Amino acid sequence: MNWFERKIRRYEHRRWTTDDNRRVQPFHWGLEHIGGSPNDSNPRAFLREYARDAIEHSADWFAASPATDYRLDRENILSFTSSIESPWPENNTVHAQLFPARKTSGPGPAVLVLPNWNAKWHGQNGLCRWIQRLGITVLKMSMPYHDRRMAAGHERADQICGPNIGLTLQANRQAVQDARRCLRWLEQQGFTKLGILGTSLGSSVGYITLVHDPAVRAGGFFHVSTYYADVVSQGMTTNHVWEGLRQHVTVDELRNYWAPISPMPYVERGMGAGRNCFLVYGKYDPTMLPELTRQMLDSLRRHGADARTLELHCGHYSLELPPFSYIAGYRMLSFFLQSLA
């Protein structure tokens with residue numbers, strides 16, 4: 001390990017330790033969130049069958065009709081009812097911030113931005129304004145259980161990534177369906193050149209949205225990986241989640257249960273082979289390990305995808321630092337300008 005890698009890894013660890021509100025949550029099968037019974041005597045069998053059926057019929061599982069109650073206020077905040085009703089009322093209204101591009105002869109291109117896990121309301125606004133200044137309209141969606149959608153009494157979005165297996169499935173499915181409702185609103189405003197930009201958790205949700213929504217022309221993703229379970233069990237920022245799971249399920253079991261909300265199964269089915277993608281990742285990322293990213297890239301190529309890639313000598317958090325943020329931002333914006341022209 002050279003001195004620069006050690007420096008990056010020390011920074012990653014220091015940033016990770018600044019969040020002192022991570023707690024190991026109790027384990028739950030959570031079958032009640034996915035149509036099962038909390039008293040099922042064989043939850044493993046139920047989850048195996050549920051996951052298999054969800055992947056085989058993913059077009060239906062992720063389907064979402066346009067909302068009937070879109071509202072855009074004076075501050076350019078779009079809100080509408082989610083297609084999935086969760087147990088927390090706060091989470092059932094979707095909020096998204098609109099960054100309209102300068103008026104031109106037509107609506108021009110638009111990009112839906114899906115932020116990282118536990119992003120704040122104003123997180124990534126700088127990126128959105130950067131894209132906006134280049135003539136691309138941006139709609140940044142709050143992920144389920146985040147900021148304005150956070151469940152009362154919670155400080156973190158543990159429902160979308162936590163040791164409740166069924167709830168994690170439901171929340172990520174909800175994120176994809178919410179994203180598709182955002183895309184339908186953009187279409188109603190006349191936008192036809194649509195892209196999607198995801199970061200970390202947002203990249204997982206974004207890729208699944210991309211391959212299931214034919215209206216999306218291009219997808220750009222910061223940090224990418226294979227299976228949800230592999231990230232949770234191996235990543236630094238999710239070790240408290242794995243701590244709540246590891247006494248109850250193996251990694252192989254969890255990979256199976258959470259396969260429907262993972263990018264890899266859809267890559268292996270050849271979905272997205274003809275889609276325009278750009279994937280950016282850190283060589284020293286301790287959260288979405290680069291070996292998992294390379295597995296994803298190898299699988300994409302084996303199944304006919306020709307994704308553009310950029311490997312930077314940084315980690316997960318340090319991608320936000322210059323010069324990495326400038327390089328990644330410039331390349332990502334160039335990708336969207338070309339792909340949505």
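## Salt bridges along and between helices

A salt bridge here is a side-chain nitrogen of Lys or Arg within 4 Å of a carboxyl oxygen of Asp or Glu. The structure you are looking at is a predicted model, and it holds 15 salt bridges. A good place to start is Arg9 and Glu5, whose side chains meet in one of these bridges at 2.9 Å, N to O. Both residues belong to helix α1, where they sit four residues apart, about one turn of the helix. Their surroundings can be read from the accessibilities: Arg9 counts as partly exposed because its relative accessibility is 30%, whereas Glu5, at 14%, counts as buried.

The next bridge joins Arg44 to Glu253, with 3.0 Å between the closest N and O atoms. Arg44 is in helix α2 and Glu253 is in helix α9 (residues 251-257), so this pair ties together parts that are 209 residues apart in sequence. Arg44 has a relative accessible area of 28%, so it is partly exposed. Glu253 also counts as partly exposed, at 22% relative accessibility.

## A buried bridge and a network

Arg149 and Asp178 form another salt bridge, again through their side chains, at 2.9 Å from N to O. Arg149 lies in the loop between β5 (137-141) and α5 (165-188), while Asp178 lies in helix α5 itself, so the pair ties together parts that are 29 residues apart in sequence. Both Arg149 and Asp178 are buried. There is also a network to trace: Arg180, Arg184, Glu187 and Asp213 are joined into one by salt bridges that share partners.

The loop that carries Arg149 is also home to Arg156, placed between β5 and α5. Arg156 has a relative accessible area of 6%; buried means under 20%, so Arg156 is buried. If you would like a distance to check in your viewer, try Arg156 and Asn125: they are 31 residues apart along the chain, and their C-alpha atoms are separated by 20 Å.

## Positive charge on the surface

Where do Arg6, Lys7, Arg10 and Arg14 gather? These residues come together on the surface in a patch of positive charge. Arg10, one of the four, lies in helix α1, which spans residues 3-17. Its relative accessible area is 51%, and exposed means over 50%, so Arg10 is exposed.

## Aromatic pairs

Now for the rings. Counting rings of Phe, Tyr and Trp whose centres lie within 6.5 Å as pairs, the structure has 14 aromatic pairs. In one of them, the ring centres of Phe27 and Trp29 are 5.0 Å apart and the planes stand at 80°, so the pair is edge-to-face. Phe27 counts as buried because its relative accessibility is 16%.

The rings of Phe46 and Tyr50 are arranged another way: their centres are 6.2 Å apart and their planes are at 15°, so this pair is stacked. Both residues are found in helix α2 (residues 43-56), four residues apart, about one turn of the helix. Phe46 is partly exposed, with a relative accessible area of 22%, while Tyr50 counts as buried at 16% relative accessibility. The two also take part in a wider arrangement, as ring pairs link Phe46, Tyr50, Trp61, Phe62 and Tyr266 into a cluster.

## Backbone details to look at

Some background helps with the backbone. Most residues other than glycine have a negative phi, and most peptide bonds are trans. Which peptide bond is cis, with omega near 5°? The bond in question runs from Pro322 to Pro323. Pro323 sits in the loop between β9 (308-312) and α12 (324-339).

Positive phi values turn up in loops as well. Gln124, a residue other than glycine, has a positive phi near 65°, and its place is in the loop between β4 (109-114) and α4 (125-133). His223 has a positive phi too, near 75°. The loop that holds His223 runs between β7 (216-222) and α7 (228-234). Is His223 buried or exposed? With a relative accessible area of 3%, His223 is buried.

Technical notes: Residues are numbered from 1 along each chain as its sequence is written. This is a predicted model: local features need pLDDT of at least 70, side-chain atom pairs count only at pLDDT 80 or more; totals for chains, interfaces and linings use all residues. Side-chain values use heavy atoms; hydrogens and water are left out. Patches are made of residues with over 30% relative accessible area and no salt bridge: like charges are joined within 9 Å, nonpolar side chains (Val, Leu, Ile, Met, Phe, Trp, Tyr) within 5 Å. Accessible areas come from the Shrake-Rupley method with a 1.4 Å probe; for residues, only the protein chains shown count as cover. Lys and Arg count as positive and Asp and Glu as negative; His and the chain ends are not counted. The place of a charge is taken as NZ of Lys, CZ of Arg, CG of Asp or CD of Glu. Helices (H or I, at least four residues) and strands (E, at least two) are DSSP runs, numbered from the N terminus. Buried means under 20% relative accessible area, exposed over 50%, partly exposed in between (1.4 Å probe, protein chains only). Rings of Phe, Tyr and Trp (its six-membered ring) pair if their centres lie within 6.5 Å; planes under 30 degrees apart count as stacked, over 60 as edge-to-face and the rest as tilted.
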